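Please open the model in a viewer and keep the sequence panel at hand. The stops below are given in the order in which they may be selected.

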Amino acid sequence: MTYEQYRDWILEKNLPLGSGPVVDLVAGSAAGGTAVLSTYPLDLARTKLAYQVSDTRRALRHGVESIYRQPAYSGIKEVLAVAYREGGLRGLYRGIGPTLIGILPYAGLKFYIYEELKRRVPEEHQNSVQMHLSCGAMAGLFGQTFTYPLDVVRRQMQVENLQPMAGGGGNKRYKNTFDGLSTIVRTQGWRQLFAGLSINYIKIVPSVAIGFTVYESMKSWLRIPPRDRPKPASQVS
């Protein structure tokens, strides 16, 4: 929704961006940033619940002492309450820096690549489901590859207070995104910046492909008029 709104606003204001793929890049980036700012505390809660360290406690049952594990958080409400209590509003947005730095180029590239590929498809195939799936899959593949290291930093910043540090020195805090990138490369190697990328492809590529396909199908079902299609540069005389 915000992508279409930002795109229309850019074109209405006659900003010096033309009417081609650059508009899709800027509108997609702005839409991605808006979505992140609106939903980030929930993403933080999801990450903490997924990466939480169990709390080991002792219990005495029938005269026998046993050790059992209890999750650090019981649910979303507790995660948000603890984050707010420890850091206020900033605690709810811990890691938002690398997230925004990652999502702005990712969302922008995703829409840019998708729209640019669509422009090069013949008119008779514009409503093909296979076309939407293929363009969406390529957009997700390239967008995720280029921005994945920033996602690694984001997740490490979100969960670092859940990870005990050796030597009892407390939890290491990255100062910012670039400090996180340099620290990971220095201590864990550059390959760590792409750890899990292949698994992420299995999730992201079909997700983006299906998302764009359903998006286009819903626009057709709701009879939303198609946009004017600017010609690719190679076809402009």
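Helices here are DSSP runs of H or I with at least four residues, numbered from the N terminus. By that definition, Glu 216 lies in helix α7. The model is a predicted one.

**The whole chain**

Begin with the complete chain in a cartoon view. The protein chain has 7 helices and 2 strands, and their order along the sequence is α-α-β-β-α-α-α-α-α. Buried residues account for 38% of the 237 residues. The chain exposes about 14,600 Å², of which carbon and sulfur atoms supply 60%. Among contacts between residues at least 6 apart in sequence, 70% join residues at least 24 apart.

**Glu 216 and its contacts**

Select Glu 216 in helix α7. Is Glu 216 buried or exposed? Its relative accessibility is 12%, so Glu 216 counts as buried, the limit for that class being under 20%. Next, display Tyr 114, Lys 118 and His 132: Glu 216 is in contact with these residues when its neighbours within four places in sequence are left aside.

Then move to Ser 217, also found in helix α7. Ser 217 counts as partly exposed because its relative accessibility is 36%. A distance label may be drawn from here to Ser 128: the two C-alpha atoms are separated by 9.6 Å, although the residues are 89 apart along the chain.

**The aromatic rings**

Keep Tyr 114 selected, as this contact of Glu 216 also belongs to a ring pair. A pair of aromatic rings is described by the distance of the centres and the angle of the planes. A search of the whole structure finds 5 aromatic pairs. In one of them, Tyr 114 and Phe 212 are stacked, with 3.9 Å from centre to centre and 10° between the planes. Tyr 114 lies in helix α4 and Phe 212 in helix α7, so this pair ties together parts that are 98 residues apart in sequence.

Both partners can be coloured by accessibility. Tyr 114 has a relative accessibility of 0% and therefore counts as buried. Phe 212 is likewise buried, with a relative accessible area of 6%. Now add Tyr 3 and Phe 111 to the selection: ring pairs link Tyr 3, Phe 111, Tyr 114 and Phe 212 into a cluster.

**The largest pocket**

Turn next to the largest pocket, which has a volume of about 980 Å³. Which residues are closest to its centre? Of the 36 lining residues, they are Val 36, Ile 103, Tyr 106, Ala 107 and Lys 110. The elements that each give two or more residues to the lining are α1 (2-12), α2 (21-51), α4 (96-119), α5 (129-159) and α7 (197-221). Helix α2 supplies the largest share, with 11 residues. Colouring the lining by class gives 17 nonpolar, 12 polar and 7 charged residues.

**Tyr 106 and Pro 105**

From the residues closest to the centre of the pocket, select Tyr 106. Tyr 106 lies in helix α4 and is buried, with a relative accessible area of 10%. Which residues does Tyr 106 contact, leaving aside its neighbours within four places in sequence? They are Gly 140, Gly 143, Gln 144, Thr 147, Ile 204 and Val 208. A C-alpha to C-alpha label between Tyr 106 and Ala 139 reads 9.4 Å, for residues 33 apart in sequence.

Now select Pro 105, which is found in helix α4. Pro 105 counts as partly exposed because its relative accessibility is 31%. Not counting residues up to four places away in sequence, Pro 105 touches Leu 100 and Thr 147. Thr 147 also appears among the contacts of Tyr 106. Between Pro 105 and Gln 144 the C-alpha distance is 9.6 Å, with 39 residues separating them in sequence.

**The segment after α7**

Finish at Arg 223, in the segment after α7. Most residues other than glycine have a negative phi. The phi of Arg 223, in contrast, is positive, near 60°. Arg 223 has a relative accessibility of 76% and therefore counts as exposed.

Methods. Residues are numbered from 1 along each chain as its sequence is written. This is a predicted model: local features need pLDDT of at least 70, side-chain atom pairs count only at pLDDT 80 or more; totals for chains, interfaces and linings use all residues. Side-chain values use heavy atoms; hydrogens and water are left out. On a 1 Å grid over the protein atoms alone, a cavity is a set of points where a 1.4 Å probe fits but cannot get out, and a pocket is an open set with protein on both sides within 12 Å along at least five of seven lines; lining residues have an atom within 4 Å of a point. Grid points are joined across faces, edges and corners, and a volume is the space filled by probe spheres set on the points. Ala, Val, Leu, Ile, Met, Phe, Trp, Tyr, Cys and Pro count as nonpolar, Asp, Glu, Lys and Arg as charged, and the others, Gly among them, as polar. Buried means under 20% relative accessible area, exposed over 50%, partly exposed in between (1.4 Å probe, protein chains only). Contact means heavy atoms within 4.5 Å. Accessible areas come from the Shrake-Rupley method with a 1.4 Å probe; for residues, only the protein chains shown count as cover. Rings of Phe, Tyr and Trp (its six-membered ring) pair if their centres lie within 6.5 Å; planes under 30 degrees apart count as stacked, over 60 as edge-to-face and the rest as tilted.
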